[in-house]
Amino acid sequence: MKFIIVFAALFALALAAPADVQVVRSESDVGPESFKYVSETSDGSQVQAEGVLKNVGTEVEALAVSGSYSFVADDGQTYTVTYVADENGFQPQGAHLPVAPEA
């Protein structure tokens, strides 16, 4: 079920893209307990992720996903975000993102 949600989100993202942007690369491999995908569009946007279902069949079953996405903003800069999303939440990193000070 979780994989269906991920791919529904990707489909919605693809529909939101401007009409003149073309998909130039799209690869995916979906299994019952893992997935991988890579996508690239003609406007320079890229996305890649892989996920695995951890602790299968237990009460602490969780989907762990790592990946990145990048896009060219209106200012001409390419922005890249790498992330991990797991039982500890969504943890993005990017040179343009603010970082909390050390405690």
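In which strand is S68 found? Select S68 in this predicted model, and you will see that S68 belongs to strand β4, which covers residues 62–72. S68 counts as buried because its relative accessible area is 16%, which falls under the 20% cut-off. To see what surrounds S68, show Q46, V47, Q48, V81, T82 and Y83, the residues in contact with S68 once its neighbours within four places in sequence are set aside.

Next, keep β4 in view and add strand β5, residues 78–86, which runs antiparallel to β4 and is joined to β4 by eight bridges. Within this pairing, select G67 of β4 together with Y83, which stands opposite G67 in β5. Then follow the chain through the hairpin of β4 and β5, where five residues lie between the strands, and pause at G76, which takes a positive phi near 85°.

From β5, move on through the hairpin of two residues that leads to β6. Strand β6 covers residues 89–93 and is antiparallel to β5, with five bridges joining the two; if you select V84, you will find its bridge partner, Q91, in β6.

Finish with the aromatic rings, for which the count comes to four pairs. One aromatic pair is F35 and Y37, a stacked arrangement with 5.9 Å centre to centre and 10° between the planes, and both F35 and Y37 are buried. For a last selection, show Y69, Y83 and F90, which together form one aromatic cluster; Y83 will be familiar here as the residue opposite G67 and as one of the contacts of S68.

Terms used. Residues are numbered from 1 along each chain as its sequence is written. This is a predicted model: local features need pLDDT of at least 70, side-chain atom pairs count only at pLDDT 80 or more; totals for chains, interfaces and linings use all residues. Side-chain values use heavy atoms; hydrogens and water are left out. Helices (H or I, at least four residues) and strands (E, at least two) are DSSP runs, numbered from the N terminus. Buried means under 20% relative accessible area, exposed over 50%, partly exposed in between (1.4 Å probe, protein chains only). Contact means heavy atoms within 4.5 Å. Two strands pair if DSSP finds at least two bridges between them. Rings of Phe, Tyr and Trp (its six-membered ring) pair if their centres lie within 6.5 Å; planes under 30 degrees apart count as stacked, over 60 as edge-to-face and the rest as tilted.
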